[in-house]
Number of protein chains: 2
Amino acid sequence: MKQRLLTPGPTPVPEETLLDLARPVFYHRSAEFRQVLAEVLADLQYVFCTKNPVLPLTSSGTGALEAAIVNCLPPGSKAICLIAGRFGERWRSLCKAFGIEAVSVTVPWGQSVQPEQLSRALADHPDALAVCTTLSETSTGAAHDIAAFGKITVSSRALLLVDAISGLCAMECRTDDWHIDVCVTGSQKALMLPPGLAFLSVSDKAWKAIDGNPGPRTFYFDLKKARAKLETPDTPYTPAHTLVRALRVSLKRIRAEGIENLWARQARTAAAARAGFQALGLEVFAKQPADGLTVVKMPPGIDSTELLTKLEKKYGMKLANGQDEIKGKVIRLAHMGYIDQFDMLTGIAGVELVLKEMGHPVEAGKGVAAAQRELARDM
Amino acid sequence: MKQRLLTPGPTPVPEETLLDLARPVFYHRSAEFRQVLAEVLADLQYVFCTKNPVLPLTSSGTGALEAAIVNCLPPGSKAICLIAGRFGERWRSLCKAFGIEAVSVTVPWGQSVQPEQLSRALADHPDALAVCTTLSETSTGAAHDIAAFGKITVSSRALLLVDAISGLCAMECRTDDWHIDVCVTGSQKALMLPPGLAFLSVSDKAWKAIDGNPGPRTFYFDLKKARAKLETPDTPYTPAHTLVRALRVSLKRIRAEGIENLWARQARTAAAARAGFQALGLEVFAKQPADGLTVVKMPPGIDSTELLTKLEKKYGMKLANGQDEIKGKVIRLAHMGYIDQFDMLTGIAGVELVLKEMGHPVEAGKGVAAAQRELARDM
């Protein structure tokens with residue numbers, strides 16, 4: 001049976017990128033790799049919309065979040081964590097692990113922290129050295145208004161640290177214009193690569209904090225060492241260099257489309273996904289939804305674990321379950337990276353069929369038709 | 001021109017492993033991945049020669065060295081670092097970064113630390129909580145007598161932490177029999193995979209130290225979290241799972257040969273490489289050489305940077321230069337993983353030709369013939 005991976009990371013990888021991964025291994029301290037790395041870092045600056053350096057790390061996205069925390073924040077300092085789900089919580093756990101006081105601004109899962117909440121928290125905690133947030137909260141499908149957050153933090157001493165792991169290249173993200181100080185992403189989401197690499201951009205304001213941070217309390221994730229290697233360019237330790245070479249292929253695809261065109265396409269696909277699920281009577285979980293995935297609640301009597309198992313066993317289609325408190329209650333359909341609008345339609349088609357098989361009253365075709373109408377709108 | 005990668009990491013990857021890397025991406029929280037990971041971890045226990053768990057990390061080898069240090073050693077504690085080159089020095093740098101007092105036992109590059117030196121250091125520093133050493137010092141090609149070190153540390157309170165990054169599967173390494181408490185390796189050496197993964201085994205004695213270490217002072221490299229996921233098996237954060245899947249293919253190759261047969265083959269290849277270079281009048285740099293690479297000094301008037309550039313440009317053959325203080329003075333030829341005895345012969349053939357071109361008096365064929373005689377000895 002044909003298999004379809006429709007999860008919000010790892011995501012499918014374009015065929016030409018996969019073939020690049022099968023090319024023979026080459027030496028990493030070589031002109032060839034320096035050329036590849038220079039191209040990839042330039043293309044990353046383009047997709048991050050930043051003039052600041054983008055640093056590569058060989059780790060999962062969490063490794064890069066750790067790098068942001070340990071480099072920017074000395075122990076005993078304070079950070080405001082905006083928490084709307086599992087990945088906002090990860091920022092808090094990271095602060096805790098490194099002896100940083102985390103002030104939590106929490107909203108129920110499915111909601112997004114509002115700019116006024118951040119303003120109040122900053123007024124209450126003018127000594128906070130950072131605000132940690134998520135562009136797209138992968139656990140709930142909710143987006144944050146990072147542009148609005150940036151307008152608030154830019155005039156404060158606090159750095160704006162953004163987990164854009166499932167957001168970057170899946171929705172609008174203007175690192176410099178929005179005053180994001182450290183923007184973090186991972187390779188296995190909208191960048192269309194397997195997991196193994198993470199990237200982060202660092203603003204001048206963040207470098208000032210990093211240079212002023214007595215330390216390091218890290219060796220592997222020391223961003224000053226990574227910065228020192230940028231001119232070559234090179235990396236302090238052996239990077240996952242065949243992944244870097246393959247990333248070049250995926251990034252060329254994004255370059256060819258143009259990042260603003262990609263954002264517009266993502267927004268349209270996301271709107272269509274919501275329209276499709278809503279036409280089936282399913283409620284979108286996030287009040288302020290992201291463009292890279294859609295999370296929908298199950299109707300009464302339908303367990304998402306059961307639905308997803310059937311979808312996988314009968315149709316070879318892999319969507320993600322809810323995590324933690326919403327496991328069994330929602331499904332998460334990704335539409336980012338190499339998962340395009342037609343793959344999204346396919347996902348809705350699969351869900352329709354399985355809901356029907358499970359005895360839920362749905363009119364077959366209603367969801368895909370509604371999604372398709374939305375895709376065709378204003379054309 | 002045909003390209004040949006003969007460097008001590010990254011090393012060439014078998015074709016069937018490369019093809020595995022081109023397979024479509026799959027979901028990492030799935031029965032399929034758990035099955036793959038379980039097989040890989042079992043095969044790693046086999047190649048480590050350990051009954052203890054082997055933990056996977058998505059990082060370079062240095063990340064796993066950091067994991068060993070931060071998990072086993074609280075700040076303010078003391079470790080003895082046995083330093084015979086760049087990677088022994090890395091242990092010391094790691095200790096320094098994390099506020100651990102490093103007692104250095106240093107020998108000149110090319111030599112190996114002797115067991116008596118360790119005994120004396122331990123007698124002088126009975127409060128040392130760890131001894132950090134390298135199985136194969138990749139910068140010099142020297143080996144350490146880890147079996148002898150283990151006989152000393154086993155009856156002390158100190159843990160034996162071994163960087164076996166370029167040693168494991170390139171030469172004999174019996175983790176349990178030799179009383180290695182934490183044995184570290186990386187994916188891009190004798191395990192025949194691109195870089196991106198690292199692995200470490202942890203003994204009961206090391207777990208006791210880790211459990212007693214107030215902390216964590218790490219999040220990403222927290223070994224207790226990794227241990228908690230072993231039963232599934234799973235990983236705390238998204239692993240480079242397509243690399244794990246491909247590692248299964250490379251490990252099956254090692255399983256099929258048998259680890260002791262592999263060690264014997266490696267020892268024979270290394271002896272042949274030394275015989276070949278010596279027949280050309282080149283001196284082996286390491287007094288106590290490792291089996292996975294051979295480092296030889298350049299004759300007077302020959303700069304290794306120039307030789308290696310010619311070798312690469314004219315013959316497509318990539319060997320490694322010396323690092324730091326011996327850059328330009330030695331060449332490093334790897335013969336580990338997928339670089340077998342015939343590839344080693346090829347490397348010597350290339351060096352012979354280029355030495356001749358550079359005006360050095362060598363008798364063409366003398367090196368390869370001597371190496372070949374050694375390969376054929378006792379057959």
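The paragraphs below lead through a predicted model of two chains, from the relation between the copies to one sheet, its central strands, the cysteines and some unusual backbone sites.

Residues are numbered from 1 along each chain as its sequence is written, and chains are lettered from A and ligands numbered from 1 in the order in which they are written. Because the model is predicted, local features need pLDDT of at least 70 and side-chain atom pairs count only at pLDDT 80 or more, while totals for chains, interfaces and linings use all residues; side-chain values use heavy atoms, with hydrogens and water left out.

A turn of 180° and a shift of 0.0 Å along the axis lay chain B on chain A with an RMSD of 0.0 Å, where copies are superposed by least squares on the C-alpha atoms of residues with pLDDT of at least 70 in both. The two copies are thus related as by a two-fold rotation axis. Both copies use the same surface, since 100% of the contact residues of chain B recur in chain A, contact meaning heavy atoms within 4.5 Å.

Within chain A, an open sheet of seven strands follows the order E2-E10-E9-E8-E5-E3-E4, with mixed pairing. Helices (H or I, at least four residues) and strands (E, at least two) are DSSP runs numbered from the N terminus, and two strands pair if DSSP finds at least two bridges between them. The edges of this sheet are strand E2 (54–57) and strand E4 (101–106) of chain A, each of which pairs on one side only. From one strand to the next the twist averages 20°, with axes taken as lines fitted to C-alpha atoms, for helices over the stretch in contact, and angles running from 0 to 180 degrees between N-to-C directions.

The pairings show what mixed means here. Strand E9 (residues 182–186) and strand E10 (residues 198–202) of chain A run antiparallel and are joined by five bridges, and A:Thr185 has A:Phe199 in E10(A) as its bridge partner. By contrast, E3(A) and E4(A) run parallel and are joined by six bridges, with A:Thr106 in E4(A) as the bridge partner of A:Ile83. Between these two strands the chain passes through helix H4 (residues 86–97) of chain A in a right-handed β-α-β crossover, that is, with the strands pointing away from the viewer, the path from the first strand over the helix to the second runs clockwise. E3(A) also pairs in the parallel sense with strand E5 (residues 130–134) of chain A, over three bridges, and there A:Ala79 stands opposite A:Ala130.

How enclosed is strand E3 (residues 78–83) of chain A? Six of its six residues are buried, so the strand is largely enclosed by the rest of the structure; buried means under 20% relative accessible area, exposed over 50% and partly exposed in between, with a 1.4 Å probe and protein chains only. Both faces are covered, with A:Lys78, A:Ile80 and A:Leu82 buried on one side and A:Ala79, A:Cys81 and A:Ile83 buried on the other.

In chain B, B:Cys81 lies in strand E3 (residues 78–83) and is buried at 0% relative accessibility. Not counting residues up to four places away in sequence, B:Cys81 touches B:Trp91, B:Arg92, B:Cys95, B:Ala102, B:Val103, B:Ser104, B:Val105 and B:Cys132.

A disulfide is a pair of cysteine sulfur atoms within 2.5 Å, and by this rule the count over all chains is zero. The sulfur of A:Cys72 is 8.9 Å from the closest cysteine sulfur, that of A:Cys132, which is too far for a bond. A:Cys132 is likewise in no disulfide, the nearest cysteine sulfur, in A:Cys81, being 4.4 Å away. A:Cys72 is buried with a relative accessible area of 3%, and A:Cys132 is buried at 0%.

Some backbone sites remain. Most residues other than glycine have a negative phi, and most peptide bonds are trans. A cis peptide bond, however, joins B:Gly9 and B:Pro10, with omega about -10°, and B:Pro10 sits in the loop between strand E1 (4–5) and helix H1 (15–21) of chain B. Although not a glycine, A:Asp324 has a positive phi of about 55°, and A:Asp324 is partly exposed at 43% relative accessibility. B:Cys169, also not a glycine, has a positive phi of about 70°, but B:Cys169 is buried at 2% relative accessibility.
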